[in-house]
Amino acid sequence: MDIPDFGIPPQLARRMSMAEQHEYLRTKLTRRRTLVTAGAVAAGGLLTGCGGSRSSGSPSATTSAPSPATSKAPGALVTPFGRHLAFGTDPKTRMRISWQVPVAVKKPYVRIGLKPDDLSRKIEAEIRDLHTPGVQGVRLALDQYYLHAALDGLLPGTTYYYGVGHEGFDPASPGRRSTIESFRTAPASPEKFVFTAFGDQGVGKAAAANDNVILLQKPAFHLHAGDICYANVNGKGVEQDGYDPAFWDLFLKQNETVTKSVPWMVTTGNHDMEAWYSPDGYGGQLARWSLPDNGFDPRSAPGVYSFTYGNVAIVALDANDVSYEIPANYGYTGGLQTKWLDEKLAELRRSKDVDFVVVYFHHCAYSTSAHASDGGVRAEWVPVFARHQVDLVINGHNHVYERTDAIKDGEVGRAVPIGASTDPARDGIVYVTAGGGGKDLYGFPSGVDESYEGHVTRHDTVDTFQWTKQRASDGETVEWSRVRYRGFSFLKVEAESGSRPALLVSALAHNGERIDHFEVRRGA
């Protein structure tokens with residue numbers, strides 16, 4: 001069969017950094033090997049994953065038979081990859097298992113059980129077929145197949161074993177027992193646990209290194225604060241952005257070491273607005289992820305939802321809706337997301353089972369690095385956070401680690417040096433930029449030193465800016481920038497319950513060294 005040229009078209013290369021060009025070529029090389037292997041085993045390219053053309057770029061969810069172009073592919077030769085877990089609305093009883101196959105398959109399913117050698121329960125999965133049309137001289141058309149199974153009625157605090165399969169590929173068969181993995185549901189009552197977080201990951205050595213260190217923390221779940229894969233190179237949310245959907249194949253393979261056993265809870269960044277898919281550029285997200293469906297409209301805004309694990313409530317938001325800096329989706333919910341946020345935070349604060357509320361999203365409310373702070377986030381959401389005394393806010397977008405003092409009414413409510421304790425009800429809210437997930441790093445304003453654990457510098461004011469509604473940069477001099485680290489890193493949060501509940505927050509570099517820590521205690 002014919003193999004196309006895998007160089008970078010000039011139209012796309014002009015939009016890419018050298019690092020992005022390198023990853024693009026790696027992606028194309030991987031894709032080429034897939035095509036060659038498929039041609040060898042399927043007599044004419046039956047496993048290339050490129051089915052018939054469609055008139056729409058939006059994904060369709062179906063469990064019907066594959067298209068004629070793929071229906072003859074032997075299921076035994078189609079190997080699942082990219083397994084990733086996510087909680088349903090209740091982490092104690094609901095889990096979502098998702099994965100990918102290179103071509104459509106028949107009768108996909110998940111086997112599950114309490115022992116690795118007894119996967120007696122079988123749950124049907126759905127196929128969500130995502131078609132990306134080709135652009136002459138830029139990219140080939142590509143069909144991708146994402147599979148999803150909903151596991152409900154699980155027992156709290158229980159370890160389950162599972163395997164994914166389809167007709168012709170049974171994970172319980174003797175030769176495939178190595179594909180069996182496990183996960184654990186949330187406990188029935190609060191107990192000590194750890195979760196991790198970062199944004200801006202992408203594909204590469206640093207991203208994989210962060211994954212490895214995260215796995216060592218044994219987190220109950222991981223929060224990904226947007227800019228997940230960087231298949232969209234420019235991140236402006238328009239069709240002129242450089243885009244290669246095959247990056248998602250690499251991303252899911254890279255992360256599978258963690259995501260097959262740790263629920264990977266994502267939200268949407270500006271690079272996740274993929275304008276080729278409706279609605280609002282989120283059709284690709286809807287195809288790839290199954291997330292809690294308790295947001296204000298999960299069908300059109302997959303990155304907006306909440307869940308409660310132990311004594312901690314987590315709220316995910318889509319800041320593309322309020323961003324002044326990158327306005328492609330500005331106002332797309334018509335204010336409904338902010339209304340939902342206000343109501344959700346009020347509900348969570350009334351709950352006797354919730355000690356702490358953590359909110360995460362992509363664009364920064366408070367940061368001094370390259371993108372600085374988004375005035376839209378400040379205008380729409382910061383007052384809501386303050387009204388409901390949110391305990392911690394986690395952002396990405398700026399590819400650094402930066403942590404504020406406790407902020408109250410736009411100013412420092414209380415200084416929070418490394419190792420200190422803060423009470424959000426009294427002091428205000430600490431905002432963390434955890435954008436060192438793996439993508440090319442940024443810096444800080446000229447003349448501003450890094451300051452982190454083991455390398456603390458004098459705490460001075462920083463000249464920075466925030467984005468205005470007119471997409472202008474409005475200069476400001478701030479005192480709230482407490483910790484700054486220009487390196488790959490992630491956030492680790494240890495939640496304690498009982499008579500003195502606490503969030504013990506640490507930041508770890510991708511080599512495991514701690515660069516920051518502080519604690520959040522209410523009523524301390």
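**View 1. A mixed, open sheet of 7 strands, ordered 12-11-10-26-27-28-21.** Strands here are DSSP runs of E with at least two residues, helices are DSSP runs of H or I with at least four residues, and both are numbered from the N terminus. Two strands count as paired if DSSP finds at least two bridges between them. Strand 12 (264-266) and strand 21 (421-422) each have a single partner strand, so one side of each is left without a neighbour in the sheet. Further in, strand 10 (residues 193-198) and strand 26 (residues 489-496) run antiparallel and are joined by 5 bridges. One pairing to pick out is threonine 196, whose bridge partner in strand 26 is lysine 492.

A note that goes for every view: this is a predicted model, so local features need pLDDT of at least 70 and side-chain atom pairs count only at pLDDT 80 or more, while totals for chains, interfaces and linings use all residues. Residues are numbered from 1 along each chain as its sequence is written, and side-chain values use heavy atoms, with hydrogens and water left out.

**View 2. Helix 3 and what covers its buried residues.** Buried means under 20% relative accessible area, exposed means over 50%, and partly exposed is in between, using a 1.4 Å probe and protein chains only. On that scale, Ala206, Ala207, Asn210, Asp211, Val213 and Ile214 of helix 3 are buried. Their cover includes strand 10, strand 11, helix 4 (247-259), strand 12, strand 26 and strand 27 (502-509), where contact means heavy atoms within 4.5 Å. A quick length check: the expected span is 1.5 Å times one less than the number of residues. For the 12 residues of helix 3 that gives 16 Å, and the end C-alpha atoms are 17 Å apart, which agrees.

**View 3. Lysine 218, in the loop between helix 3 (205-216) and strand 11 (221-224).** Just after helix 3, lysine 218 takes a positive phi of about 55°. Lysine 218 has a relative accessible area of 71%, so it counts as exposed. Pull up serine 261 too: lysine 218 and serine 261 are 43 residues apart in sequence, and C-alpha to C-alpha they are 9.9 Å apart in space.

**View 4. Another mixed, open sheet of 7 strands, this one ordered 13-14-15-17-22-18-25.** Its edge strands are strand 13 (305-309) and strand 25 (481-485), and each pairs on one side only. From one strand to the next, the twist averages 15°; angles run from 0 to 180 degrees between N-to-C directions, and axes are lines fitted to C-alpha atoms, for helices over the stretch in contact.

**View 5. The hairpin of strand 13 and strand 14.** Strand 13 and strand 14 (residues 312-316) run antiparallel, joined by 5 bridges. Phenylalanine 307 sits opposite isoleucine 314, and tyrosine 309 is across from valine 312. There are 2 residues between the strands, and glycine 310 takes a positive phi near 60° in this hairpin. How many residues of strand 14 are buried? It's 5 of the 5, so strand 14 is largely enclosed by the rest of the structure. Both faces are covered, with Val312, Ile314 and Ala316 buried on one side and Ala313 and Val315 on the other.

**View 6. From strand 14 through helix 6 to strand 15.** Strand 14 and strand 15 run parallel and share 5 bridges; alanine 316 stands opposite tyrosine 360 of strand 15. The β-α-β crossover that links them through helix 6 is right-handed, meaning that with the strands pointing away from the viewer, the path from the first strand over the helix to the second runs clockwise.

**View 7. Helix 6 (residues 336-350) packed on the sheet.** Helix 6 touches strand 13, strand 14 and strand 15 (356-360), and its direction makes about 175° with that of strand 14. Its 15 residues should span 21 Å at 1.5 Å a residue, and the end C-alpha atoms are 21 Å apart, which agrees. The buried residues of helix 6 are Gln337, Thr338, Trp340, Leu341, Lys344, Leu345, Ala346 and Leu348. They pack against strand 13, strand 14 and strand 15, as well as helix 7 (375-380) and helix 8 (382-387).
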